[in-house]
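Student: Could we work through this model together, one question at a time? I would like each answer to show its reasoning before it settles on a value or a name.

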Amino acid sequence: MASTIRLELVTPERFMLSEDVEEIIIPGYEGELGVLPEHTQYLSIVNVGVLSYRKGGGWQKIAISGGVAEITPERVVVLADTAEHAEEINLERARLAQKRAEDELKQVGHSLDDERYKLAEAALSRAISRISAIH
Amino acid sequence: MANLRAIRKRISSVKSTQQITRAMKMVSAAKLRRAQEAIVAARPYARKMREVVLSVGSKVDSSAHPLLASREVKRLALLVVTSDRGLCGSFNAGLTRYVHRYIAEQQAKYEEIVLYMVGRKGRDFFRRRGVRIHKEYLGVLGTLGQWHVETIASELLEGFVNGEFDEARIVYNEFRSAISQVARIEKLLPLTMDTLEEGNDENAHDFEYLFEPDKRKILELLLPKYVETDIFRVLLESVAGEHGARMTAMDSATNNSVDMIARLTLQMNRARQATITTELTEIVSGAEALKG
């Protein structure tokens with residue numbers, strides 16, 4: 001049995017990552033999705049969140065904002081809208097974005113079909129995923 | 001013969017124009033390189049996207065999603081991609097002329113042709129001719145990002161789903177090389193699996209996936225993204241083409257100004273010599289007259 005699985009992460013702007021890793025955790029549509037080598041064929045929507053992978057014993061984290069993941073026994077291809085390594089994230093800015101989104105949410109109030117509410121909520125979850133990718 | 005001062009002035013004005021064209025050529029060359037890198041960087045995503053869409057979409061019926069449904073084409077939408085700025089040779093003129101002729105030829109076949117316009121130059125061209133433009137996107141090409149593409153794609157998809165038009169095509173300058181761009185027209189909507197498969201060079205997957213949450217939801221997410229990717233690719237190509245065209249145009253402008261300066265300098269020297277000769281003759285004949 002293979003001990004590693006290839007992880008490829010691409011965004012519209014760049015080919016971000018292609019590495020052999022030991023384990024991957026993807027923020028799937030219905031919750032976190034752990035992938036080990038020899039996983040079955042699987043196609044999942046990826047939510048906004050943190051994708052982490054284990055390589056040589058250490059975990060790496062990447063903040064991603066939605067997309068799809070194609071999983072086959074020997075590789076995982078993640079098509080993400082945007083993706084940032086933990087080191088690339090500006091914590092200050094993410095915090096500000098979080099605050100801005102929270103204020104906006106308070107102002108708009110609860111109304112699930114309001115376009116502004118949806119935008120603010122999406123911005124909030126992106127900010128939170130960025131912040132949690134650092135920690 | 002033109003007077004000396006006028007020629008001198010002319011030379012210095014041509015020289016300053018030359019400085020500008022030379023600088024623009026250099027800037028375009030740098031931007032072209034960046035644009036080409038962006039095309040290369042965007043390719044893996046587009047290829048992967050196509051693969052995934054194919055493996056999900058090839059086994060579903062065309063009624064599974066509105067973007068897959070072909071209907072009788074009464075109204076046609078054209079997404080025309082031009083540039084925001086000029087001074088790039090025949091880049092925009094060639095394309096707008098092509099579209100203008102295309103509309104004239106096709107008009108009889110459809111009830112209406114709806115225009116979506118990217119770039120100020122195309123907008124101006126059709127506005128001058130009194131052609132109605134449905135939607136326009138100006139100033140998106142300079143800092144081209146996913147966000148702009150999302151806006152264009154979502155408005156286009158909305159128009160298609162709401163039945164404002166039944167088919168969408170995209171018209172743009174294909175980037176062949178820095179010196180060659182060719183007007184090209186491609187079908188954008190509806191998505192039909194056979195048009196997708198045509199361009200697919202990789203062997204299709206013949207195994208079944210498990211889907212999370214289900215095929216339908218994934219299609220709903222994927223298909224609009226696929227259209228976005230397609231538009232993004234075209235915009236990137238157009239931007240690269242624009243810089244290529246500008247570089248070529250500015251290169252020949254610089255060469256022309258070199259020729260022009262050489263010609264003017266020759267003219268100036270002749271004029272100067274003529275003045276000197278006249279003055280000499282005058283002095284000599286004056287001295288002769290005094291002697292006598």
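Tutor: Let us fix one cut-off before we begin: a residue is called buried when its relative accessible area is under 20%, exposed when it is over 50%, and partly exposed in between. Please keep in mind throughout that this is a predicted model.

Student: Is B:E242 buried or exposed?

Tutor: The relative accessibility of B:E242 is 8%, and the cut-off for a buried residue is under 20%. B:E242 therefore counts as buried.

Student: Which residue forms a salt bridge with B:E242, and where do the two residues lie?

Tutor: Both partners belong to helix 6 of chain B, where they sit 4 residues apart, about one turn of the helix. The partner counts as buried too, at 7% relative accessibility. The closest N and O atoms of the pair are 3.1 Å apart, and the residue that meets B:E242 in this way is B:R246.

Student: Which residues are joined into one network by salt bridges that share partners?

Tutor: One bridge to begin with is that between B:R184 and B:E186, whose closest N and O atoms are 2.9 Å apart. Its two ends differ in burial class, because B:R184 is partly exposed with a relative accessible area of 34%, whereas B:E186 counts as buried at 16%. Through shared partners, the network joins B:E174, B:R176, B:R184, B:E186, B:D230, B:R233 and B:E237.

Student: How many residues apart are B:D251 and B:K25, the pair that links distant parts of the chain?

Tutor: These two residues form a salt bridge in which the closest N and O atoms are 3.1 Å apart. B:D251 is partly exposed, with a relative accessible area of 30%, and B:K25 also counts as partly exposed, at 30%. B:D251 lies in helix 6 of chain B and B:K25 in helix 1, which covers residues 4–57 of that chain, so that along the sequence the pair is separated by 226 residues.

Student: How many salt bridges does the structure hold over all chains, and how many of them are counted between chain B and chain A?

Tutor: Side chains of opposite charge can pair when their charged atoms come close. Across the two chains, one such pair is B:E51 with A:R75, at 3.9 Å from N to O. The total over all chains is 23, and the count between chain B and chain A is 2.

Student: What area is buried between chain B and chain A?

Tutor: The contact takes 25 residues from chain B and 28 residues from chain A. On the chain B side, B:Y45, B:K48 and B:E212 supply 31% of the area that this chain buries against chain A, more than any other three residues. Carbon and sulfur atoms give 65% of the area buried between the chains, which comes to about 2,300 Å².

Student: Which element gives the largest share of the lining of the largest pocket?

Tutor: The largest pocket holds about 1,600 Å³ of space. Two or more lining residues come from each of strand 5 (42–55), strand 6 (58–71), helix 1 (91–108) and helix 2 (115–134) of chain A, and from each of helix 4 (146–161) and helix 6 (215–291) of chain B. Of these contributions the largest is 10 residues, and the element that gives them is helix 2 of chain A.

Student: How many charged residues are in that lining?

Tutor: The lining is made of 44 residues, and those that lie nearest the centre of the pocket are A:S65, A:D81, A:A122, A:R126 and B:E150. By class, the lining has 18 nonpolar and 9 polar residues, and the number of charged residues is 17.

Student: What pattern does chain A follow along its sequence?

Tutor: Chain A has 2 helices and 8 strands. Among its contacts between residues at least 6 apart in sequence, 52% join residues at least 24 apart. Read along the sequence, the pattern is β-β-β-β-β-β-β-β-α-α.

Student: Is A:S52 buried or exposed?

Tutor: A:S52 is found in strand 5 of chain A. Beyond its neighbours within four places in sequence, A:S52 is in contact with A:E23, A:I24, A:I25, A:W59, A:Q60 and A:K61. Its relative accessibility is 11%, so A:S52 counts as buried.

Key
Residues numbered from 1 in each chain as written. Chains lettered and ligands numbered in written order. Predicted model: local features only at pLDDT ≥ 70, side-chain atom pairs only at ≥ 80, totals over all residues. Heavy atoms only, no water. 1 Å grid on protein atoms, 1.4 Å probe; cavity = no way out; pocket = protein on both sides within 12 Å on 5 of 7 lines; lining within 4 Å. Points joined across faces, edges and corners; volume = space filled by probe spheres on them. Nonpolar A, V, L, I, M, F, W, Y, C, P; charged D, E, K, R; others polar. Salt bridge = Lys/Arg side-chain N within 4 Å of Asp/Glu carboxyl O. Buried < 20%, exposed > 50% of the residue type's maximum accessible area, 1.4 Å probe, protein only. Contact = heavy atoms within 4.5 Å. Buried area = accessible area lost by both parts, 1.4 Å probe.
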